[in-house]
Amino acid sequence: MLRWTITFLVIAIIAGILGFGGIAGAAAGIAEICFYVFIVLFLVSLVFGKRPKV
């Protein structure tokens, strides 16, 4: 998930440099959504991950 975020962020930066504002905005929005989903899934995996059996 984090790899997708970085990919869309790089696409947004390149599109912004080349002057494609609409594409840059859309890619940045997608990257932001992917990042938030990654954070939520990461926190869920921390809470419900493998725990040592006692």
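Guide: In this predicted model, the protein exposes about 4500 Å², and carbon and sulfur atoms supply 78% of that area. Buried residues make up 13% of the 54 residues.

Visitor: What helices and strands does the protein have, and how do you know whether it is spread out or a compact globule?

Guide: There are 2 helices and 0 strands in the protein. The radius of gyration is 16 Å, which is well over the 10 Å that the globule rule gives for 54 residues, so the protein is more spread out than a compact globule. Along its principal axes, the C-alpha trace spans about 60 × 15 × 10 Å.

Visitor: How do you know what span to expect for helix 1?

Guide: Helix 1 has 17 residues, and at 1.5 Å a residue the expected span is 24 Å. From its first C-alpha to its last, helix 1 reaches 25 Å, which is close to that value.

Visitor: Which residues of helix 1 are buried, and what makes them line one face or several?

Guide: Thr-5, Ala-12 and Ala-15 are the buried residues in helix 1. Seen down the helix axis, they fall within an arc of 100 degrees, so they line one face of the helix. On the other side of helix 1, Arg-3, Ile-17 and Leu-18 are exposed, and what covers the buried residues includes helix 2.

Visitor: What comes just after helix 1?

Guide: Just after helix 1 there is Gly-19, which takes a positive phi of about 95 degrees.

Visitor: How does the span of helix 2 stand against the expected one, and which of its residues are buried?

Guide: Helix 2, residues 21–48, has 28 residues and reaches 40 Å from its first C-alpha to its last, close to the 40 Å expected at 1.5 Å a residue. Within helix 2, Ala-24, Ala-27, Ala-31 and Cys-34 are buried, and the buried residues of this helix pack against helix 1, residues 2–18.

Visitor: Why is Ala-26 called partly exposed?

Guide: Ala-26 has a relative accessibility of 43%, and partly exposed covers the range between under 20%, which is buried, and over 50%, which is exposed; Ala-26 therefore counts as partly exposed. Ala-26 has its place in helix 2, and its C-alpha atom is separated by 9.8 Å from that of Ile-11, although the two residues are 15 residues apart along the chain.

Visitor: How many aromatic pairs are there, and why is the pair of Phe-35 and Tyr-36 called tilted?

Guide: The count comes to 3 aromatic pairs. The rings of Phe-35 and Tyr-36 have their centres 6.1 Å apart, and rings pair if their centres lie within 6.5 Å. Their planes stand at 55 degrees, whereas planes under 30 degrees apart would count as stacked and those over 60 as edge-to-face, so the pair is tilted. Phe-35 is partly exposed, with a relative accessible area of 37%.

Visitor: What makes the pair of Phe-38 and Phe-42 a stacked one?

Guide: The ring centres of Phe-38 and Phe-42 are 6.2 Å apart, with 20 degrees between the planes; because planes under 30 degrees apart count as stacked, this aromatic pair is stacked. Both residues lie in helix 2, 4 residues apart, which is about one turn of the helix.

Visitor: How do you know whether Phe-38 and Phe-42 are buried or exposed?

Guide: Phe-38 has 23% relative accessibility and counts as partly exposed, since buried means under 20%. Phe-42 has a relative accessible area of 41% and is likewise partly exposed, because exposed means over 50%.

Methods:
Residues are numbered from 1 along each chain as its sequence is written. This is a predicted model: local features need pLDDT of at least 70, side-chain atom pairs count only at pLDDT 80 or more; totals for chains, interfaces and linings use all residues. Side-chain values use heavy atoms; hydrogens and water are left out. The expected span of a helix is 1.5 Å times one less than its number of residues. Buried means under 20% relative accessible area, exposed over 50%, partly exposed in between (1.4 Å probe, protein chains only). Contact means heavy atoms within 4.5 Å. The radius of gyration is taken over C-alpha atoms; the globule rule is 2.2 Å times the number of residues to the power 0.38. Accessible areas come from the Shrake-Rupley method with a 1.4 Å probe; for residues, only the protein chains shown count as cover. Rings of Phe, Tyr and Trp (its six-membered ring) pair if their centres lie within 6.5 Å; planes under 30 degrees apart count as stacked, over 60 as edge-to-face and the rest as tilted. The arc is that of the directions from the helix axis to the C-beta atoms.
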